[in-house]
Amino acid sequence: MEAFASPAASSAGPKAADLAGQLLIFKPVEYRTGIETVNGPADAISCDLINLDTGEEHTDVLFFNVALRSSLRPLIGQRVLGRIKQGIAKPGKTAPWILEDASQDPVSLAKAQGHKPGAAPAAAPAAAGAIPPEVAALLAQLGAKAT
């Protein structure tokens, strides 16, 4: 009697909605076609992800969404810094998940460049307008007042 392999489990990684608004490093790995789903064959982009807000790392996350696939497909093998957010819905449709570029934001870029694989996420930046204690101490030494 011939032995049969069990079907592979679907991607257990996070979904776009789980990652909405979080700062992510995407590494698109492969574009896959004809993946069997409950809705029939579909295409997806496979990515390795680093969530800079939580410190979690995921491998082989599949994104089936057309906008995310289109944004990431030409960048296979590169690293992409961005946030997933919802775009504008067309009449009768749900809003698509899209990729927002974070590579031009200095705070996001610094957070990404300071990331060490397997490390806990960096502390959240101070609230807008708040002066970190070490800066306030230096200002006091100079006799200056924070505005």
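Select K111 to begin: in this predicted model, its relative accessibility is 22%, so K111 counts as partly exposed, just past the 20% under which a residue is called buried. Now add D53 to the selection. The two side chains form a salt bridge, with the closest N and O atoms 2.7 Å apart. K111 belongs to helix α3 and D53 to the loop between β2 and β3, so this pair ties together parts of the chain that are 58 residues apart in sequence. D53 is partly exposed as well, at 31% relative accessibility.

**Zoom out to the whole chain**

Switch to a cartoon view for a moment. The protein has four helices and five strands. Walking from the N terminus, you meet the elements in the order α-β-β-β-α-β-β-α-α. Colour by accessibility, if you like: of the 147 residues, 25% are buried. A surface view will show an accessible area of about 9,900 Å², and carbon and sulfur atoms account for 58% of that. As for how the chain comes together, take the contacts between residues at least 6 apart in sequence: 54% of these join residues at least 24 apart.

**Select the sheet**

Next, pick out the strands. The five strands make an open sheet with antiparallel pairing, in the order β3-β2-β1-β4-β5. At its edges are β3 (57-63) and β5 (97-101), each of which pairs on one side only. Look along the sheet and you can follow its turn: on average, neighbouring strands are set at 40 degrees to each other, ignoring direction. Keep the sheet in view and bring back helix α3 (residues 106-113). This helix packs on the sheet, where it touches β1 and β4, and its direction makes about 125 degrees with that of β4.

**Follow β1 and its partners**

Which strand pairs with β1 over 11 bridges? Select residues 40-51: this is β2, and it runs antiparallel to β1, which covers residues 23-37. The two strands form a hairpin with two residues between them. To see both ends of the pairing, start at T37, whose bridge partner in β2 is G40. Then travel back along β1 to L24, which stands opposite N51 in β2.

Now look at the other neighbour of β1. β1 and β4 are joined by four bridges and also run antiparallel. One place to stop is F26, which has V80 in β4 as its bridge partner. If you show backbone atoms here, a general point is worth keeping in mind: strands of a sheet pair through backbone hydrogen bonds, either parallel or antiparallel.

**Show the charged side chains**

Searching the whole structure gives five salt bridges. You have already visited K111 with D53, so move on to E30, R32 and D60, which are linked in a network of salt bridges. Show these three as sticks and label the distances:

- E30 with R32: the side chains meet at 3.2 Å, N to O.
- D60 with R32: the side chains meet at 2.7 Å, N to O. This pair links distant parts of the chain, with D60 in strand β3 and R32 in strand β1, 28 residues apart.

Are these residues buried, partly exposed or exposed? E30 is partly exposed at 36% relative accessibility, R32 is partly exposed at 24%, and D60 is partly exposed at 34%.

Stay on D60 a little longer and check the backbone. D60 sits in strand β3, and its phi is positive, about 55 degrees, although D60 is not a glycine.

**Last stop: L75**

Finally, select L75, in the loop between α2 (66-72) and β4 (80-86). What does L75 touch, leaving aside residues up to four places away in sequence? Its contacts are P28 and V80. V80 should look familiar, as it is the bridge partner of F26 that you selected earlier. Measure from L75 to P28 in your viewer: the two are 47 residues apart in sequence, yet their C-alpha atoms are 6.5 Å apart in space. L75 itself is partly exposed, with a relative accessible area of 25%.

Key
Residues numbered from 1 in each chain as written. Predicted model: local features only at pLDDT ≥ 70, side-chain atom pairs only at ≥ 80, totals over all residues. Heavy atoms only, no water. Buried < 20%, exposed > 50% of the residue type's maximum accessible area, 1.4 Å probe, protein only. Contact = heavy atoms within 4.5 Å. Pairing = 2+ DSSP bridges. Axes fitted to C-alpha atoms, helices over the stretch in contact; angles between N-to-C directions. Salt bridge = Lys/Arg side-chain N within 4 Å of Asp/Glu carboxyl O. Areas by Shrake-Rupley, 256 points an atom, 1.4 Å probe, with all protein chains shown as cover.
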